[in-house]
Amino acid sequence: MMHSAEEVRDERGRQYHIDLAPGEVAPAIILVGDPKRAERVASFFDEVTIDRRNREFVTLTGTHKGLPMTVMGTGMGAGSTEIAVIELCACVDNPVMIRCGSSGALQAG
């Protein structure tokens, strides 16, 4: 079976770069750059049911105050963040993504 080059999945049907499949990502997603920051955010979850690490992507899915939630460390830069967003959208319908972190500005202002 052939798939579109725009839908990059592995032989198991998982998203190639983030190694996730539907059902493993909550509709509410927090995106951070640093993988350690993803772990720090997940420390506030009531529970973590999925802990997936592939390439620079660290993904933790669980609940926070009863709300299903995912946090992902996307690595550094816009390129890896774009990959994460596209592949996350293939795992969950109508996600709400919130980016937490700096903008990478070098100037004090």
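Q: In this predicted model, which residue forms a salt bridge with D19, the closest N and O atoms being 2.9 Å apart, where both partners are buried?
A: Happy to start here: two side chains pair with D19 at that N and O separation, R12 and R14. R12 is exposed, with a relative accessible area of 54%, so R12 does not fit a buried pair, for which the cut-off is under 20%. D19 and its other partner are both buried, and that partner is R14.

Q: Is D19 buried or exposed?
A: Buried means a relative accessible area under 20%, and exposed means over 50%. D19 has a relative accessible area of 15%, so D19 is buried.

Q: Which residues are linked with R12, R14 and D19 in a network of salt bridges?
A: D19 pairs with R12 and also with R14. The network holds these three and takes in two further names, E24 and R52.

Q: Is R53, the salt-bridge partner of D51, exposed or partly exposed?
A: The closest N and O atoms of D51 and R53 are 2.8 Å apart. D51 has a relative accessible area of 44% and counts as partly exposed. R53 comes to 43%, which lies between the 20% and 50% cut-offs, so R53 is partly exposed.

Q: Which elements give two or more residues to the largest nonpolar core?
A: This core has 11 residues, including L31, A84 and L88. L31 also touches L88. The elements giving two or more residues are strand 1 (28-32) and helix 2 (78-89).

Note on methods: Residues are numbered from 1 along each chain as its sequence is written. This is a predicted model: local features need pLDDT of at least 70, side-chain atom pairs count only at pLDDT 80 or more; totals for chains, interfaces and linings use all residues. Side-chain values use heavy atoms; hydrogens and water are left out. A nonpolar core is a set of buried Ala, Val, Leu, Ile, Met, Phe, Trp, Tyr and Cys residues joined through side-chain atoms within 4.5 Å. Buried means under 20% relative accessible area, exposed over 50%, partly exposed in between (1.4 Å probe, protein chains only). Helices (H or I, at least four residues) and strands (E, at least two) are DSSP runs, numbered from the N terminus. Contact means heavy atoms within 4.5 Å. A salt bridge is a side-chain nitrogen of Lys or Arg within 4 Å of a carboxyl oxygen of Asp or Glu. Lists of a residue's contacts leave out its neighbours within four places in sequence.
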